[in-house]
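Here is a relaxed walk through one model, meant to be read with the viewer open. Keep the sequence at hand too.

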Amino acid sequence: SSREDTLEKIQCLSKRSRLCNVYSEGPLILSDIPSDLKDGSNGAVLGIDEAGRGPLLGAMVYSAAFWSVQHKDAMDLKGFDDSKALTSDARSGIFNRIKETPELGACVRVLHASEISRNMFKATGPYNLNEMSHDAAITMIRTVADAGVRIERVYIDTVGNEKVYQNKLERIFQGSGIQFVVEKKADSKYTCCSAASIIAKVIRDELTANWTWSEPAFDPAKGENNGPLPYGSGYPSDPKCKTWLEQSLHDPVFCFPDFVRFSWGPAKEAVKKYGNLVEWEADDDEDTDGDAHQQTKLSDFNDSGRKRKRRFPIFEELGLSVVTNLVE
């Protein structure tokens with residue numbers, strides 16, 4: 001792939017494929033590989049950072065930036081800095097320089113709010129944000145290595161205890177020859193982490209600002225001049241985000257669009273306060289007080305002998321029915 005292909009993939013992130021992004025993992029994008037890293041003759045340094053870990057709205061974006069070790073001094077002069085220390089305009093300017101630097105490669109993993117919510121509400125127990133973050137970093141490292149890049153050193157802004165995280169990575173990549181440096185505030189210490197933080201932050205901000213609703217029937221709340229009510233940065237402490245959340249629970253059963261992380265406290269409180277309570281009744285044969293180990297009868301396998309429970313009214317109102325076959 002070329003640099004043009006890479007830029008097109010990034011631009012297409014906001015043109016979401018509805019079902020793919022709601023029900024499966026978010027996108028994983030690998031840029032074109034810098035020419036001096038393609039044959040493995042030169043080693044590479046790689047930095048990893050994220051943006052959007054704390055917001056109530058929108059995606060969490062993980063990014064990796066990598067280049068040949070021989071370009072270290074030149075990259076240090078590029079002006080890459082921790083994205084949190086830069087203004088939005090400054091980040092955009094540096095992001096444009098990154099896109100125009102052929103010696104720099106990148107990998108991006110997007111975890112949409114729907115994926116985060118689904119993982120946190122797993123029936124087998126929550127797949128928490130730290131685990132998702134670790135797995136996103138591991139996936140990116142493997143993706144870059146599988147593309148033929150000989151990674152010598154990886155710098156990561158820690159998630160959780162840095163020593164535990166580093167030991168985990170060293171165990172997973174044992175024998176690969178990769179040296180890991182896991183530290184707090186790595187995005188302000190190492191240029192490759194700074195570049196990764198800028199890539200992640202700019203993409204996260206653009207995704208949030210240009211969000212495409214998955215729900216065709218969702219009608220966003222109105223603000224000034226009858227325009228869409230702004231949701232701000234998406235962080236729970238943002239007054240615009242708070243107001244948007246309060247005015248965007250349009251459906252008392254399904255509550256919010258998939259732009260919202262349902263596992264976050266403010267969303268759970270809003271659902272509890274304004275949503276309809278749904279009680280899941282046990283099957284008739286599970287409600288008996290008899291011996292749980294009693295012998296199964298042949299009639300138990302005959303559906304015609306069972307009582308049909310009345311469906312909840314909401315299913316009738318929405319016209320929902322049971323399906324057994326899914327057609328693409």
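Let's begin with Leu318, which comes out as partly exposed because its relative accessibility is 41%. This is a predicted model, by the way, so every value below is computed from predicted coordinates. Leu318 belongs to the segment that follows helix H11 (313-317). Together with Phe254 and Leu320, Leu318 makes a nonpolar surface patch of about 280 Å².

**Strand S4 and its partners**

From the surface, let's go to the inside. How many of the seven residues of strand S4 (residues 105-111) are buried? The count is seven of the seven, so S4 is largely enclosed by the rest of the structure. Both faces of the strand take part: Gly105, Cys107, Arg109 and Leu111 point one way, Ala106, Val108 and Val110 point the other way, and all are buried. If you like to check charged side chains by eye, note that Arg109 is among those buried residues.

S4 has two strand partners to look at here. Strand S1 (residues 28-30) runs antiparallel to S4, and three bridges join them. To find the register, take Ile29, whose bridge partner in S4 is Val108. Strand S3 (residues 60-68) also pairs with S4 in the antiparallel sense, over seven bridges. For that pairing, a handy marker is Met60, which stands opposite Leu111 in S4.

Helix H5 (residues 113-120) gets similar treatment: six of its eight residues are buried, so H5 is largely enclosed by the rest of the structure. The buried ones are Ala113, Ser114, Glu115, Ile116, Ser117 and Asn119.

**The aromatic rings**

Now for the rings. The count of aromatic pairs in this model comes to twelve. Take Trp213 and Phe259: their ring centres are 5.5 Å apart and the planes meet at 85 degrees, and since anything over 60 counts as edge-to-face, that is the label for this pair. Trp213 sits in the loop between helix H8 (191-209) and helix H9 (239-247), while Phe259 sits in the loop between H9 and helix H10 (265-274), so the pair links distant parts of the chain, 46 residues apart. The two partners differ in cover: Trp213 is partly exposed at 24% relative accessibility, whereas Phe259 is buried at 0%.

A second pair, Tyr231 with Trp244, is edge-to-face as well, with 6.0 Å centre to centre and 85 degrees between the planes. This one also links distant parts of the chain, 13 residues apart, with Tyr231 in the loop between H8 and H9 and Trp244 in helix H9. Tyr231 is buried, with a relative accessible area of 12%, and Trp244 counts as buried at 1%.

Which residues do ring pairs link into a cluster? They are Trp211, Trp213, Phe218, Tyr231, Trp244 and Phe259, which takes in the partners of both pairs just described.

Another ring worth a click is Trp264, in the loop between H9 and H10. The charged end of Arg261 sits over the Trp264 ring, 5.0 Å from its centre. Trp264 is buried, at 14% relative accessibility. Trp264 also has a partner from far along the chain: Leu56 is 208 residues apart in sequence, yet the C-alpha atoms are 6.3 Å apart in space.

**Loop residues to look at**

Two residues stand out for backbone angles. Lys185 has a phi near 55 degrees, a positive value in a residue other than glycine, and its place is the loop between strand S6 (179-183) and H8. Asn226 has a positive phi of about 65 degrees, and it is not a glycine either; you'll find Asn226 in the loop between H8 and H9.

Ser188 lies in the loop between S6 and H8. The C-alpha atoms of Ser188 and Lys84 are separated by 9.2 Å, though the two are 104 residues apart along the chain.

Here is how these three loop residues compare in cover:

| Residue | Relative accessible area | Class |
|---|---|---|
| Lys185 | 60% | exposed |
| Asn226 | 59% | exposed |
| Ser188 | 43% | partly exposed |

The cut-off matters for reading the table: exposed means over 50%, so Ser188, at 43%, is classed as partly exposed.

Notes:
Residues numbered from 1 in each chain as written. Predicted model: local features only at pLDDT ≥ 70, side-chain atom pairs only at ≥ 80, totals over all residues. Heavy atoms only, no water. Phe/Tyr/Trp six-rings, centres within 6.5 Å; stacked < 30°, edge-to-face > 60°. Helix = DSSP H or I, 4+ residues; strand = E, 2+ residues; numbered from the N terminus. Buried < 20%, exposed > 50% of the residue type's maximum accessible area, 1.4 Å probe, protein only. Lys NZ or Arg CZ within 6 Å of the ring centre and 35° of its normal. Patch = residues over 30% accessible without salt bridge, like charges linked within 9 Å, V, L, I, M, F, W, Y side chains within 5 Å. Areas by Shrake-Rupley, 256 points an atom, 1.4 Å probe, with all protein chains shown as cover. Salt bridge = Lys/Arg side-chain N within 4 Å of Asp/Glu carboxyl O. Pairing = 2+ DSSP bridges.
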